[in-house]
Amino acid sequence: MMQPGLLSFCRHFHPNMSTLLETKEMFRNADAVCFDVDSTVIKEEGIDELAKFCGVGDAVTEMTRRAMGGSMTFKTALTERLAIIRPSREQVNKLITDHPPQLTEGIQELVERLQQRNVKVFLISGGFRCIVEHVATQLKIPLDHVFANRLKFYFNGEYAGFDEGQLTAESGGKGKVIGLLKEKLALKKVVMIGDGATDLEACPPANAFIGFGGNVVRQQVKEKSTWYVTSFEELIHELDKI
């Protein structure tokens, strides 16, 4: 278990001013910033949009809410939702073409500012790589900085499941990705930003967590976040202090 110290500002049930200041300092001096995608970098939940597109929206939206609230394991929720949707390759491609993901206000400027400072930016998502890659391209994030789940299709394009070997398919998977990145790239100060329980759980091994409520507020995450923001402008403003 990681001992509390200068380089770990993750879960603080009763945030105080010093830990807030330390989290902000960690963000300003980060080696890398990892973003969740659904309801953070983009306004919607990709799997809910796919479900609506495939005509099974209501059932899947309720399951997403339960999964993000932490009441079932992530892999169970993903398996059950995809079993309802069973999206074909054609449906996925048409969703991206007809209803491309909507970027959250301020994310483009924030990513650009971080990259100008030579901060590595990663997208770590429990969503689908085909959608997340589209987002990464818009934000000029290298595709090898994208970690997300892979849908599988049969040769005729019908749904064949998902790659259960991906770290992002597991509960705790985002933390495992961050742990590997820290080891591989010798990163010392990694900040995770996201709206959901799976993002909060990634710290540690992330050195700090920033809760994001700009699209949806998840009360559990808000209560446990040392620093909770409702717009990316707050993070851009923090970078201006340097």
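Reader: Which helix holds Met63?

Author: Met63 sits in helix α4, residues 57-68. Keep in mind that this is a predicted model.

Reader: Why is Met63 called buried?

Author: Its relative accessible area is 11%. Buried means under 20%. The value 11% falls under that cut-off, so Met63 counts as buried.

Reader: What does Met63 touch, leaving aside neighbours within four places in sequence?

Author: Met63 is in contact with Met72, Ala77, Glu80, Arg81 and Ile84. For each of these pairs, contact means heavy atoms within 4.5 Å. A further distance concerns Asp48: Met63 and Asp48 are 15 residues apart in sequence, and their C-alpha atoms are 9.5 Å apart in space.

Reader: What makes Glu238 and Arg28 a salt bridge?

Author: Their closest N and O atoms are 2.5 Å apart. A salt bridge needs a side-chain nitrogen of Lys or Arg within 4 Å of a carboxyl oxygen of Asp or Glu. Arg28 and Glu238 are of the right kinds and 2.5 Å is within 4 Å, so the pair qualifies.

Reader: Why does this pair tie together separate parts of the chain?

Author: Glu238 lies in helix α12, residues 232-239, and Arg28 lies in helix α1, residues 17-28. These parts are 210 residues apart in sequence, so the pair links distant stretches of the chain.

Reader: Why are Glu238 and Arg28 put in separate accessibility classes?

Author: Glu238 has 2% relative accessibility, so it counts as buried. Arg28 has a relative accessible area of 23%. Partly exposed lies between 20% and 50%, so Arg28 is partly exposed.

Reader: What else does Glu238 touch?

Author: Leaving aside neighbours within four places in sequence, Glu238 is in contact with Lys24, Phe27, Arg28 and Trp227.

Reader: How many salt bridges does a search of the whole structure find?

Author: It finds 11. One of them joins Glu49 and Lys52, with the closest N and O atoms 3.0 Å apart. Both residues lie in helix α3, residues 46-53, three residues apart, about one turn of the helix. Glu49 has a relative accessible area of 25%, so it is partly exposed.

Reader: What makes Glu109 and Arg113 a salt bridge?

Author: The N to O distance between their side chains is 3.2 Å. The cut-off is 4 Å, so the pair passes. Both lie in helix α7, residues 107-116, four residues apart, which is about one helical turn. Glu109 is partly exposed at 38%.

Reader: Which residues are linked in a network of salt bridges?

Author: The network links Asp36, Lys174 and Asp199. Lys174 is also one of the buried residues of helix α9.

Reader: How do you know that the length of α9 agrees with its number of residues?

Author: Helix α9 has 13 residues, 173-185. At 1.5 Å a residue it should span 18 Å, and its end C-alpha atoms are 18 Å apart, so the two agree.

Reader: What covers the buried residues of α9?

Author: The cover includes β1, β2, β3, β6 and α10. Among the buried residues are Val177, Ile178 and Leu181. After α9 comes Ala186, whose phi is positive, near 55°.

Reader: Why is Thr168 called buried?

Author: Thr168 is at 5% relative accessibility. That is under 20%, so it counts as buried. Thr168 lies in the loop between β5 and α9. Its contacts beyond four places in sequence include Phe74, Ile124, Phe147 and Val177.

Reader: What makes the link from Thr168 to Ala148 a polar contact?

Author: A polar atom of the Thr168 side chain lies 3.4 Å from the backbone oxygen of Ala148. The distance limit is 3.5 Å, so 3.4 Å falls within it.

Reader: Which residues have the most contacts inside the largest nonpolar core?

Author: They are Phe27, Phe35, Val41, Leu123 and Ile193, in a core of 35 residues. Apart from it lies another core of 18 residues, among them Ile47, Cys54, Leu95 and Phe162. Back in the largest core, Phe35 touches residues including Val41, Leu123, Ile193 and Phe232.

Reader: What share of the chain is buried?

Author: Buried residues make up 51% of the 242 residues. The chain has 12 helices and eight strands.

Technical notes:
Residues are numbered from 1 along each chain as its sequence is written. This is a predicted model: local features need pLDDT of at least 70, side-chain atom pairs count only at pLDDT 80 or more; totals for chains, interfaces and linings use all residues. Side-chain values use heavy atoms; hydrogens and water are left out. Helices (H or I, at least four residues) and strands (E, at least two) are DSSP runs, numbered from the N terminus. The expected span of a helix is 1.5 Å times one less than its number of residues. Buried means under 20% relative accessible area, exposed over 50%, partly exposed in between (1.4 Å probe, protein chains only). A polar contact is a pair of N or O atoms within 3.5 Å; within protein, one must be able to donate a hydrogen and the other to accept it, and residues adjacent in sequence count only if both atoms are side-chain atoms. A nonpolar core is a set of buried Ala, Val, Leu, Ile, Met, Phe, Trp, Tyr and Cys residues joined through side-chain atoms within 4.5 Å.
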